[in-house]
Amino acid sequence: MARHAASKNRRRAVLRAGLTVAAAGAALGAGGAAANAAVPVEAATGLVTNSVSGVGELKSLQLHPLANTGVDPLDNAVGTQVADFKPVSTAMATDNITKGQAIEDLPVAGPAAASLLP
């Protein structure tokens, strides 16, 4: 019986040592994770700062990549005139975009973009 009791005590000692080592490793890992968390925060701050400074360039980008090409699907204006009335056309709705203009050149969206974007 003494041999059985000694074996049981040895297993408990090994188990305790293993748990102690595991707890110490977890504590060290948590400390490393906290230190590494500061690095992504700094990277994210830099990313946001740089992306906000580039937003102003969006105002001058051409809205429609196919503008002024032969395959522009928006360049399909239809017009009509009845008697002596002024002609009516759909070109007024799509003309600014098919000419390759940017947001700042549009009649309604231009002033709104200028007030919202830096």
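A contact here means heavy atoms within 4.5 Å. With that settled, here are the legends for this predicted model.

**View 1. The whole chain, with its 3 helices and 2 strands.** Start at the N terminus and you walk through the elements in the order α-β-β-α-α. Take the contacts between residues at least 6 apart in sequence: 56% of them join residues at least 24 apart.

**View 2. The surface of the chain, about 9200 Å² of it accessible.** Carbon and sulfur atoms own 66% of that area. As for what's tucked away, 8% of the 118 residues count as buried.

**View 3. A patch of positive charge on the surface.** Four side chains get together here: Lys8, Arg11, Arg12 and Arg16. Zoom in on Arg12 and you're looking at part of helix H1, which spans residues 2-53. Arg12 has a relative accessibility of 45%, so it counts as partly exposed. That value also clears the bar for joining a patch, because patch residues need over 30% relative accessible area.

**View 4. The salt bridge between Asp95 and Lys99.** The structure holds 1 salt bridge, so there's just this pair to show. The closest N and O atoms of Asp95 and Lys99 sit 3.2 Å apart, which is inside the 4 Å limit for a salt bridge.

**View 5. The same two partners, Asp95 and Lys99, seen by their exposure.** Asp95 comes in at 29% relative accessibility, so it's partly exposed. Lys99 is partly exposed too, with a relative accessible area of 46%. Both values fall between the 20% cut-off for buried and the 50% cut-off for exposed.

Notes: Residues are numbered from 1 along each chain as its sequence is written. This is a predicted model: local features need pLDDT of at least 70, side-chain atom pairs count only at pLDDT 80 or more; totals for chains, interfaces and linings use all residues. Side-chain values use heavy atoms; hydrogens and water are left out. Helices (H or I, at least four residues) and strands (E, at least two) are DSSP runs, numbered from the N terminus. Buried means under 20% relative accessible area, exposed over 50%, partly exposed in between (1.4 Å probe, protein chains only). Accessible areas come from the Shrake-Rupley method with a 1.4 Å probe; for residues, only the protein chains shown count as cover. Patches are made of residues with over 30% relative accessible area and no salt bridge: like charges are joined within 9 Å, nonpolar side chains (Val, Leu, Ile, Met, Phe, Trp, Tyr) within 5 Å. Lys and Arg count as positive and Asp and Glu as negative; His and the chain ends are not counted. The place of a charge is taken as NZ of Lys, CZ of Arg, CG of Asp or CD of Glu.
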